[in-house]
Amino acid sequence: MSANPLVSIIIPTYNREDKLSEAINSAISQTYKNIQIIVIDDGSVDNTRELVAAYPEIEYYWQKNQGQAAARNSGLKKTKGSIIASLDSDDIWFPDFLKLCVEKLENEQLDFVFANWEQEAKVGNSWSFLDNDPYLKPYFHKINDHWINLDNEELRDLYVKACPSPSSSVVMRKSSIVSGWDEDIRIGDDWCLYLEMILSNSTCKAAFTLERLWKKRIDEINIYDGRKWSEVLEFLYIADLKIKMEKFQHLLRKNELSQMQKRYMASLIELSKHKLIRDLNIPNSIGLLKQSFSISVPYTLRTIPHIFMTGIDRKVRLLTDKLKRKQ
């Protein structure tokens, strides 16, 4: 174990000249100084190249636009460090982010760690994102010296259900990465990478902290936060999830695959509802339902009324609240 290992920071970016400087400055300003910073410009047509040229200590590479996963993989090939961190170009690390994460990673020889963040809101104040995460709450009682450790069984259970660690939150061991970021994934390429690490290694261990060590900013071009819910369903919980089920079928236990299939079917049904009610696209709506029926007729039949009624209840509550505000 090195007392001061080199950390390679990959910053993928695409037309982010308005926010990239703050991301770069937050990496340069880390109290942990043994770092390599790599900016992968994924085909930007703004002034990204000129902006990065003002930082001679940074390695800059341009490539034809291929998406965030391809950009991260390009950066990974350039890394020299034994520890990898990927900072999205619209996010900001607080000064001690790397110091605290690397100390935890190295002291306990973990595969990866992730940190809570300050979530920017479209309207109103920012908030501490992981404090109320329903998938992490069951582990909060294990907190010790600001960190919560997770063994492989806990990680499997957690990451089959959800991904509580977006790219900017994670510091990981390079040797623990199996095949990099999946370039066929539309949104959750980071989720796929962590899941592959966990499923491929029965001794994989990680930890997270509820201390807010970075800030996540949002705008209309965010890969996740900038999308409509229907797009998130279509890409993350249908297209991406299908890829993960096929990719990891040989590594998933029967109950884990079943959980994924149920989430996949529920997403198909919810998107079907959206296509029917909002877009009035009956053929598309029926096609989505057929996909769900092809996996499980009983589950689909049980889930259809639940999802449709949940949507109606939500609409009624919103309408009621609107009428109350007018009174």
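Reader: Which side chain does Glu154 meet in a salt bridge?

Author: In this predicted model, the side chain of Glu154 meets that of Lys142 in a salt bridge, with 2.9 Å from N to O. The pair links distant parts of the chain, since Glu154 sits in helix α5 (residues 152-161) and Lys142 in the loop between β7 (127-128) and β8 (147-150), twelve residues apart.

Reader: And is Glu154 buried or exposed?

Author: Glu154 is buried, because its relative accessible area is 18% and the cut-off for buried is under 20%. Lys142, with 29% relative accessibility, counts as partly exposed.

Reader: What about Glu153, which residue does that one pair with?

Author: Glu153 forms a salt bridge with Arg253, and the closest N and O atoms are 2.7 Å apart. This pair also connects distant parts of the chain, with Glu153 in helix α5 and Arg253 in the loop between α7 (229-247) and α8, 100 residues apart. Salt bridges with shared partners join Glu153, Arg156, Arg253 and Glu256 into one network.

Reader: How accessible are Glu153 and Arg253, then?

Author: Glu153 is partly exposed, with a relative accessible area of 44%, and Arg253 is partly exposed as well, at 37%.

Reader: How many salt bridges does the structure hold?

Author: The structure holds 15 salt bridges. One of them is formed by Asp90 and Arg16, whose closest N and O atoms are 3.4 Å apart; Asp90 is in the loop between β4 (83-86) and β5 (92-93), while Arg16 is in the loop between β1 (7-13) and α1 (20-28), 74 residues away. Both Asp90 and Arg16 are buried.

Reader: Switching to α8, what does Ser272 touch beyond its sequence neighbours?

Author: Ser272, which lies in helix α8 (residues 254-277), touches Ser285, Leu288 and Leu289 once residues up to four places away in sequence are set aside. Ser272 counts as buried because its relative accessibility is 0%. The C-alpha atoms of Ser272 and Asn284 are separated by 7.2 Å, and these residues are twelve apart along the chain.

Reader: And Thr300, where does that lie?

Author: Thr300 lies in helix α10 (residues 297-326) and counts as buried at 0% relative accessibility. Leaving out neighbours within four places in sequence, Thr300 is in contact with Met265, Ile269, Ser292 and Phe293.

Reader: Which residues make the nonpolar surface patch?

Author: Leu276, Ile277, Ile282 and Ile286 make a nonpolar surface patch of about 340 Å², to which α8 and α9 (282-295) each supply at least two residues. Leu276, found in helix α8, is partly exposed, with a relative accessible area of 31%.

Note on methods: Residues are numbered from 1 along each chain as its sequence is written. This is a predicted model: local features need pLDDT of at least 70, side-chain atom pairs count only at pLDDT 80 or more; totals for chains, interfaces and linings use all residues. Side-chain values use heavy atoms; hydrogens and water are left out. Helices (H or I, at least four residues) and strands (E, at least two) are DSSP runs, numbered from the N terminus. Buried means under 20% relative accessible area, exposed over 50%, partly exposed in between (1.4 Å probe, protein chains only). Contact means heavy atoms within 4.5 Å. Patches are made of residues with over 30% relative accessible area and no salt bridge: like charges are joined within 9 Å, nonpolar side chains (Val, Leu, Ile, Met, Phe, Trp, Tyr) within 5 Å. Accessible areas come from the Shrake-Rupley method with a 1.4 Å probe; for residues, only the protein chains shown count as cover. A salt bridge is a side-chain nitrogen of Lys or Arg within 4 Å of a carboxyl oxygen of Asp or Glu.
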